[in-house]
Amino acid sequence: MRLLVRFVKQAQRSAQVRAIYHSNFSTLSDLSGPLRDSSKGETSSAWLCGSSPHIVESVREFVEVQVDFISEQEEQALLRELEPGLKKKRYEFDHWDDAIHGFRETERVQWGAACEAVIRRLRAHAFPQDSQLLGPVHVLDLDKAGFIKPHIDSVKFCGTTIAGISLLSASVMRLVREEVKTDWVDLLLPQRSLYVLREEARYKFTHEILKDEESFFDGRRVARHRRISVICRNLPE
Ligand code: OGA
Ligand code: MN
């Protein structure tokens with residue numbers, strides 16, 4: 001996988017990265033509103049809400065959000081390392097059929113000491129101990145007008161677990177059950193939080209990041225600004 005990425009020409013690199021992470025892209029329709037029947041349990045908590053108490057409970061063990069996973073100083077350190085490279089690229093808006101709209105991205109293997117410590121902490125927290133990790137960290141910079149459409153990360157190149165830190169902006173990540181599109185949950189991802197999608201949440205649900213106009217969590221507006229995510233993945237077994 002690394003060879004695949006490393007040997008593609010720079011001009012093709014972004015498309016290649018995208019193909020690796022974002023195959024199996026499928027579209028979403030027909031969302032039902034959150035249920036409000038408290039006799040059936042909770043449809044929402046601080047960072048998780050969904051179409052029914054049942055779906056919220058069944059997804060809960062496969063998702064996690066750690067608020068303030070990194071400090072403001074660590075966020076600044078990541079931005080200082082990432083911004084110079086990102087700024088050389090232009091946001092891509094024109095691939096209407098791709099999983100992501102309004103983005104630029106890169107991969108990074110080597111980090112300065114402060115960032116290295118964050119990546120190590122993320123990996124220690126998110127992945128099973130014996131997991132083989134994908135070496136390069138994926139960095140995705142979404143423009144304020146950008147968004148991520150529903151997709152499932154490539155099962156060929158990525159394993160059971162996807163873990164990401166959100167810089168610069170809060171956002172809402174929606175998971176929709178691929179086979180029953182009325183079953184969905186939303187995760188509130190505050191700035192500097194970590195999210196982890198594991199197993200069923202990663203394989204059986206599409207995930208997406210809502211566009212600013214549609215960015216609400218449990219009925220509350222979550223303004224979506226420019227957002228950079230730093231994403232680690234493991235390898236398939
Ligand atoms: C992806 C993806 C989520 C994020 O790149 O496949 O789903 O947090 N990213 O940016
Ligand atoms: Mn993805």
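**Buried residues, salt bridges and a manganese site**

At a relative accessibility of 8%, phenylalanine 127 counts as buried. In this predicted model, phenylalanine 127 sits in the loop that runs from helix H5 (113-126) to strand E4 (137-151). Once the neighbours within four places in sequence are set aside, the contacts of phenylalanine 127 are Leu122, Leu133, Thr161, Ala163, Cys232, Arg233 and Asn234. Alanine 163 is 36 residues away from phenylalanine 127 along the chain, yet 8.3 Å is what separates their C-alpha atoms. A second phenylalanine can be read in a similar way. Phenylalanine 103 belongs to strand E3 (residues 100-108), and its relative accessibility of 0% puts it under the 20% cut-off, so it counts as buried. Its C-alpha atom is 9.3 Å from that of lysine 144, with the two positions 41 residues apart along the chain.

Stepping back to the whole chain, the protein has six helices and 12 strands. Of its 237 residues, 52% count as buried. Sequence-distant pairing shows up clearly in the contact statistics: among contacts between residues at least 6 apart in sequence, 79% join residues at least 24 apart. The accessible surface comes to about 11300 Å², and carbon and sulfur atoms account for 51% of that area.

Helix H3 (residues 53-60) gives a neat picture of how one element is arranged. Its buried residues are Pro53, Ile55, Val56 and Val59. Viewed down the axis of H3, these buried residues fall within an arc of 165°, so they line one face of the helix. The general geometry behind such patterns is that an α-helix has 3.6 residues a turn, so residues three or four places apart point the same way. As for what the buried residues of H3 pack against, the partners are strands: E1 (48-50), E2 (63-66), E6 (171-177), E7 (184-189) and E9 (205-209).

Next come the charged pairs. Side chains of opposite charge can pair when their charged atoms come close, and the structure holds 14 salt bridges. One of them joins arginine 121 to glutamate 74, with 2.9 Å between the closest N and O atoms. This pair links distant parts of the chain, since arginine 121 is in helix H5 and glutamate 74 in helix H4 (residues 72-87), 47 residues apart. Arginine 121 itself is partly exposed, at a relative accessible area of 32%.

Another bridge connects arginine 226 and aspartate 141, at 2.7 Å from N to O. Arginine 226 lies in the loop between strand E11 (220-221) and strand E12 (227-233), whereas aspartate 141 is in strand E4, so the bridge ties together parts 85 residues apart in sequence. Aspartate 141 has a relative accessibility of 0% and therefore counts as buried. Both residues of this bridge also take part in a wider arrangement: salt bridges with shared partners join Glu83, Arg104, Asp141 and Arg226 into one network. Aspartate 183 and arginine 177 form a further salt bridge, here at 3.2 Å from N to O. Arginine 177 has a relative accessible area of 19%, which is under the 20% limit, so it still counts as buried.

The manganese ion (ligand 2) is held by three residues. The donors are His151 (NE2), Asp153 (OD) and His207 (NE2), at 2.0 to 2.1 Å. In sequence, the donor residues follow the spacing H-x1-D-x53-H. Histidine 151 and aspartate 153 are both buried.

On the cysteine side, a search of the whole structure turns up zero disulfides. Cysteine 115 is buried, with a relative accessible area of 2%, and cysteine 158 is likewise buried, at 1% relative accessibility.

Finally, two backbone details are worth a look. Most residues other than glycine have a negative phi. Arginine 192 has a positive phi, near 75°, without being a glycine. This arginine is placed in the loop between E7 and strand E8 (194-198), and at 15% relative accessibility it counts as buried. Glutamate 199, also not a glycine, has a positive phi of about 45°. Its place is in helix H6 (residues 199-203), and with a relative accessible area of 39%, glutamate 199 is partly exposed.

Notes
Residues numbered from 1 in each chain as written. Chains lettered and ligands numbered in written order. Predicted model: local features only at pLDDT ≥ 70, side-chain atom pairs only at ≥ 80, totals over all residues. Heavy atoms only, no water. Donors = N, O, S within 2.8 Å, 3.2 Å for Na, K, Ca; no water. Buried < 20%, exposed > 50% of the residue type's maximum accessible area, 1.4 Å probe, protein only. Disulfide = S-S within 2.5 Å. Helix = DSSP H or I, 4+ residues; strand = E, 2+ residues; numbered from the N terminus. Contact = heavy atoms within 4.5 Å. Arc of directions from axis to C-beta. Areas by Shrake-Rupley, 256 points an atom, 1.4 Å probe, with all protein chains shown as cover. Salt bridge = Lys/Arg side-chain N within 4 Å of Asp/Glu carboxyl O.
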